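Hi,

Here's the structure I promised to pass along. Have a look at it first, and my notes on what turned up follow below.

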Protein chains: 2
Amino acid sequence: MANAPASQVITLSHPLPLDSGQELAHVDIAYETYGALNADKSNAILICHALTGDQYVASTHPITGKPGWWERTVGPGKPIDTDQFHVICANVIGSCMGSTGPASKAEDGMPYAMRFPVITIRDMVRGLVGMLDALEIAQLHAVVGGSMGGMQALSLAANWPERAARVLVIASTARHSAQNIAFHEVGRQAIMADPNWREGNYYADDASPDNGLAVARMAAHITYLSEEGLTEKFGRRLQNRDTKSFGFDADFQVESYLRYQGSGFTQRFDANSYLYITRAMDYFDLAEEHGGRLGDAFKGTSARFCLVSFDSDWLYPTAESRHIVHALNAAGAPVSFVELSAPFGHDSFLLEVPALDRVIKGFLDG
Amino acid sequence: MANAPASQVITLSHPLPLDSGQELAHVDIAYETYGALNADKSNAILICHALTGDQYVASTHPITGKPGWWERTVGPGKPIDTDQFHVICANVIGSCMGSTGPASKAEDGMPYAMRFPVITIRDMVRGLVGMLDALEIAQLHAVVGGSMGGMQALSLAANWPERAARVLVIASTARHSAQNIAFHEVGRQAIMADPNWREGNYYADDASPDNGLAVARMAAHITYLSEEGLTEKFGRRLQNRDTKSFGFDADFQVESYLRYQGSGFTQRFDANSYLYITRAMDYFDLAEEHGGRLGDAFKGTSARFCLVSFDSDWLYPTAESRHIVHALNAAGAPVSFVELSAPFGHDSFLLEVPALDRVIKGFLDG
């Protein structure tokens with residue numbers, strides 16, 4: 001953690017009301033910024049992160065030491081150009097990288113654990129809007145997000161329409177499908193089945209529910225990749241051996257890769273945060289929030305929208321983006337939409353897709 | 001268990017050689033039969049079951065009390081007509097319904113547990129061929145199987161080509177893909193992460209690794225259904241409530257359904273069997289067994305083949321069946337192939353698909 005300075009933290013001046021009817025008394029929002037804010041504060045871009053993402057969009061992760069999760073997209077001269085824009089990325093509430101979440105201390109000085117209230121995507125965005133208020137940024141040049149970040153961008157556009165002039169939504173959806181919920185439920189059950197979970201009260205223990213969290217991550221990770229991508233990357237190739245072991249070691253490269261993904265994840269993520277954030281995603285249904293018609297969610301908007309999907313994304317397939325585009329059309333909002341061809345499945349938004357770079361740059365500069 | 005008589009059991013007269021180079025000293029094969037065997041033993045049909053299936057294809061399951069898993073297909077006047085055919089269905093080795101598996105006693109009188117050798121699909125079929133030898137059935141009228149049952153049918157056709165005149169393969173594949181392996185690995189890791197698994201030595205304990213096995217089943221179950229099917233069946237409908245609970249109960253019907261599938265499964269299935277059978281499926285690569293060319297696997301065949309896939313099956317999609325058909329074409333084998341349209345995903349082979357009934361009946365009668 002030597003090379004990565006701690007994120008800036010804003011403590012909201014007021015309790016945060018939540019969709020559940022509860023409120024969070026003390027809310028910290030940890031964030032990173034890149035590039036200079038101009039004098040009239042008109043060049044700010046808010047990037048919203050995905051389920052297991054964080055504020056380290058273009059700076060070294062303090063735990064893993066790895067580059068930021070979107071360094072290929074955010075930086076000087078990059079598609080989101082920090083020579084031109086002031087980029088802000090904040091850890092969502094419910095997460096575990098400095099913003100208030102289940103691992104944070106409640107008013108009694110003990111970690112919330114499962115006493116943390118169930119939050120929604122809109123609650124996360126309410127926290128981000130509180131941060132923008134504190135930063136005195138009235139309107140963003142753009143809000144940008146992929147996957148769960150796209151849900152936040154949509155929620156901001158729908159509920160705080162004056163706060164962003166441009167809304168860029170990549171590989172996302174306006175509601176979680178039954179299959180999406182099902183995969184998340186498998187992950188939650190894996191965590192809750194781990195005896196180290198102890199109803200969420202493991203923060204003072206020597207052991208965390210790492211095994212359950214790793215299984216949850218493994219199951220989810222498969223949904224982030226395409227069948228074709230997995231075949232191309234791993235096929236049926238064996239891992240460090242010429243013949244099958246006739247045992248239960250990771251014979252196949254894909255097994256070894258998944259185990260690595262699972263165990264690596266547990267070093268940087270809190271199992272309770274995984275429960276809360278997946279729950280928020282499963283609860284997300286932007287139409288339901290607005291009387292059942294998605295078009296009505298965007299009635300008040302004057303923003304410009306750009307939607308991007310990937311042909312190999314089976315988690316949030318193109319039809320989900322098209323559904324949003326139709327709703328924006330119905331609301332009379334200006335929207336461009338492109339389905340990009342990329343072999344990497346849902347994770348394409350994080351990977352080398354030159355056409356995505358061009359779309360992002362074109363939309364933000366336009 | 002009152003209404004279900006115990007299956008018939010054949011003990012093979014010889015140790016079973018295995019692909020690993022090991023052998024199983026004592027092999028029981030538990031099986032059920034339906035319909036009369038004719039005098040020249042020419043009307044036998046062997047049905048091979050899927051991963052979590054068993055010999056109770058058309059009779060009440062002794063543990064769950066539920067109807068046989070293919071009662072809609074097998075019986076008097078049904079597509080596999082027991083007025084006409086003698087149907088045999090045997091529990092595969094490695095499983096847990098009476099055939100020798102990890103829960104069976106080894107020579108030292110203790111359960112094999114993880115001392116059970118890792119087996120392959122071909123080993124399962126070797127056991128079934130041993131049963132056919134004992135029953136003195138030289139050639140089957142047909143071998144029939146869906147999913148893993150289809151793998152066994154293909155393996156029988158490739159390795160014992162004289163033993164079946166017809167080979168009907170439904171919703172199956174000639175090799176497990178990286179994605180298939182990945183989902184199985186998640187399930188195995190879930191089981192092995194359960195502290196009650198205890199390296200497989202739980203048979204004398206009060207507790208079994210039910211939590212891990214339930215998570216494995218839940219993850220697998222999602223792959224058996226289509227996204228469309230899940231949406232149609234459950235969508236985002238809530239379970240026994242009008243509003244979200246803002247908690248971690250099963251708010252959504254799909255969560256409740258998955259939990260039910262997971263917990264129900266643990267009552268009838270052994271976790272170690274799940275490890276061994278998924279391993280056998282992951283190892284399955286019929287081309288690899290035959291020098292790398294799938295066509296070569298079928299060089300010796302004089303059987304007729306019928307392949308069926310379902311358009312909504314993303315576990316073993318149509319391309320996998322087509323791959324087999326091309327190999328059979330290359331081998332000069334007579335083959336018919338149909339992709340059926342059905343909304344249920346991989347599980348379509350077990351469900352109400354009238355076109356499947358017609359294909360099965362037409363092929364077996366032809």
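Let me start with a helix in chain B. H2(B) is largely enclosed by the rest of the structure, because eleven of its twelve residues are buried. Bear in mind throughout that this is a predicted model. The buried ones run Met148(B), Gly149(B), Gly150(B), Met151(B), Gln152(B), Ala153(B), Leu154(B), Ser155(B), Leu156(B), Ala157(B) and Ala158(B). "Buried" here takes 20 or more other C-beta atoms within 10 Å of a residue's own. The length of this helix works out as well: for residues 148–159 at 1.5 Å a residue you'd expect a span of 16 Å, and the end C-alpha atoms of H2(B) are indeed 16 Å apart, so the two agree.

Over in chain A, I checked helix H4 (residues 210–224) in the same spirit. Its 15 residues should span 21 Å at 1.5 Å a residue, which agrees with the 21 Å between its end C-alpha atoms. H4(A) is also largely enclosed by the rest of the structure, since 13 of its 15 residues are buried.

Now, how do the two chains sit together? Chain B superposes on chain A (RMSD 0.0 Å) after a rotation of 180 degrees, with 0.0 Å of shift along the axis. That is how a two-fold axis relates its copies. The copies meet through the same surface, because 100% of the interface residues of chain B are also interface residues in chain A.

As for the contact itself, chain B puts in 42 residues and chain A puts in 42 residues. On the side of chain B that touches chain A, the elements giving two or more residues are helices H3 (178–193), H4 (210–224), H5 (227–233), H6 (253–266) and H7 (271–283) of chain B. H3(B) gives the most to that side, with eleven residues. Sorted by class, that side of chain B has 22 nonpolar, nine polar and eleven charged residues.

One last thing for when you're browsing the backbone. Most residues other than glycine have a negative phi. Lys41(A) has a positive one, near 55 degrees, and you'll find Lys41(A) in the loop between strand E4 (28–34) and strand E5 (44–48) of chain A. It counts as partly exposed, because there are 16 other C-beta atoms within 10 Å. In chain B, Lys41(B) also has a positive phi, of about 55 degrees, and sits in the loop between strands E4 (28–34) and E5 (44–48) of that chain. Lys41(B) is partly exposed too, with 16 C-beta neighbours inside 10 Å.

Cheers

Methods. Residues are numbered from 1 along each chain as its sequence is written. Chains are lettered from A and ligands numbered from 1 in the order in which they are written. This is a predicted model: local features need pLDDT of at least 70, side-chain atom pairs count only at pLDDT 80 or more; totals for chains, interfaces and linings use all residues. Helices (H or I, at least four residues) and strands (E, at least two) are DSSP runs, numbered from the N terminus. Copies are superposed by least squares on the C-alpha atoms of residues with pLDDT of at least 70 in both. Two residues are in contact if their C-beta atoms, placed from the backbone, lie within 7 Å. The expected span of a helix is 1.5 Å times one less than its number of residues. Ala, Val, Leu, Ile, Met, Phe, Trp, Tyr, Cys and Pro count as nonpolar, Asp, Glu, Lys and Arg as charged, and the others, Gly among them, as polar.
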